[in-house]
Amino acid sequence: MVNYMKKVKTIIIRTAGTNCDYELKTAFELCGATVDRVHINELISNKNKVLSYDILAVPGGFSYGDDIASGKILSNEIKNKLGDNVKKFALSGKPIIGICNGFQVLVKMGLLPKPKNFEQISTLSYNDSNKFECRWVYLKTEKVNGTTSCLWTRNLPDVISLPVAHGEGKFVADKNVLAEIEKNNQVVFRYCDKNGNKTAYPQDPNGSLNGIAGICNDKGNVFGLMPHPERYVYALQHPAREGFDGFYGWGKQIFQNAVERV
């Protein structure tokens with residue numbers, strides 16, 4: 001049988017210090033997408049290039065050595081030199097994901113939680129432990145009437161496990177912003193115990209307000225999270241080989257959702 005379905009094109013923005021781009025590329029390719037890792041300088045020299053893609057991803061790592069603050073330099077670079085097209089990408093409903101350092105970038109450039117405003121109204125700050133935290137954690141998938149508002153997390157169970165590795169992962173916002181995020185069902189993941197209950201350190205690795213591990217915009221297409229789904233696409237990557245179908249990890253379903261949506 002000939003497959004006439006269009007290949008979904010994914011762009012991964014990389015720069016000095018990003019180090020999870022190959023894992024992210026593999027995850028999207030596993031789900032049937034074609035993937036280009038493109039340096040930020042190439043996009044700056046050809047600003048419309050980003051609009052030719054279906055999915056945009058900002059990977060984890062330590063962009064520019066996390067000088068000033070985690071993700072701050074790359075967030076300013078994207079906002080000031082590619083901002084109009086990235087905002088157009090987001091507002092069109094195309095899927096965007098930022099993982100760990102990528103989440104920090106999306107928040108600090110103002111793409112989350114409100115792409116329309118494009119101003120920073122929240123941040124990701126130093127872990128309460130004041131040190132780098134690296135472990136497997138449990139995440140509660142936030143749902144309303146049995147479904148999630150985020151296109152990236154459809155068909156996930158109530159509790160999944162993913163690895164974290166960060167020093168600045170504490171989600172912080174003032175009480176009004178936090179209340180609005182909660183009201184709009186923009187919280188996607190919260191740190192929890194194995195049974196989905198509220199937890200504390202070390203299962204909550206950073207002390208985020210309301211246990212927030214990931215958020216989306218009000219449309220559900222722009223998603224940022226501190227845990228690394230690209231590091232858990234195969235069950236064998238988990239120390240206890242938890243997963244589904246006995247072969248894939250829960251991270252794969254996150255990327256599959258975006259590819260299938262496109």
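In the predicted model, Glu-133 is buried, at 1% relative accessibility, and its side chain meets that of Arg-135 in a salt bridge with an N to O distance of 2.7 Å. Arg-135, by contrast, is partly exposed, its relative accessible area being 25%, a value that lies above the 20% under which a residue counts as buried.

The pair formed by Glu-133 and Arg-135 belongs to a set of nine salt bridges in the structure. Another of these bridges joins the side chains of Asp-128 and Lys-170, with 2.9 Å from N to O. Because Asp-128 lies in the loop between strand E5 (122-125) and strand E6 (133-141), whereas Lys-170 belongs to strand E8 (residues 170-173), this pair ties together parts that are 42 residues apart in sequence. Asp-128 itself is partly exposed, at 48% relative accessibility. A further salt bridge, at 3.1 Å from N to O, links the side chains of Lys-143 and Asp-158. Both residues are placed in the loop between E6 and strand E7 (159-166), so that the bridge connects parts lying 15 residues apart in sequence; Lys-143 counts as partly exposed, with a relative accessibility of 31%. In addition, Glu-142, Glu-182 and Arg-190 are joined into one network by salt bridges that share partners.

Turning to the nonpolar interior, the largest nonpolar core comprises 72 residues, and those with the most contacts inside it are Phe-28, Ile-97, Trp-152, Phe-189 and Phe-255. Helix H3 (residues 72-91) supplies the largest share of this core, namely six residues. When neighbours within four places in sequence are left aside, the contacts of Ile-97 include Phe-28, Trp-152 and Phe-255, each of which is also listed among the residues with the most contacts inside the core. Ile-97 is likewise in contact with Leu-56, Ala-57 and Val-58, as well as with Leu-106, Phe-223, Leu-225 and Ile-254. In soluble globular proteins, nonpolar side chains tend to be buried together.

At the level of the whole protein, six helices and eleven strands are present. The radius of gyration is 17 Å, close to the 18 Å that the globule rule gives for 262 residues, and the protein is therefore as compact as a globular protein of that length. Its C-alpha atoms fill a box of roughly 50 × 45 × 35 Å along the principal axes. Of the 262 residues, 53% count as buried, and, among contacts between residues at least 6 apart in sequence, 76% join residues at least 24 apart. The accessible surface comes to about 11400 Å², of which carbon and sulfur atoms account for 48%.

Note on methods:
Residues numbered from 1 in each chain as written. Predicted model: local features only at pLDDT ≥ 70, side-chain atom pairs only at ≥ 80, totals over all residues. Heavy atoms only, no water. Salt bridge = Lys/Arg side-chain N within 4 Å of Asp/Glu carboxyl O. Helix = DSSP H or I, 4+ residues; strand = E, 2+ residues; numbered from the N terminus. Buried < 20%, exposed > 50% of the residue type's maximum accessible area, 1.4 Å probe, protein only. Core = buried A, V, L, I, M, F, W, Y, C linked by side-chain atoms within 4.5 Å. Contact = heavy atoms within 4.5 Å. Rg over C-alpha atoms; globule rule 2.2 N^0.38 Å. Areas by Shrake-Rupley, 256 points an atom, 1.4 Å probe, with all protein chains shown as cover.
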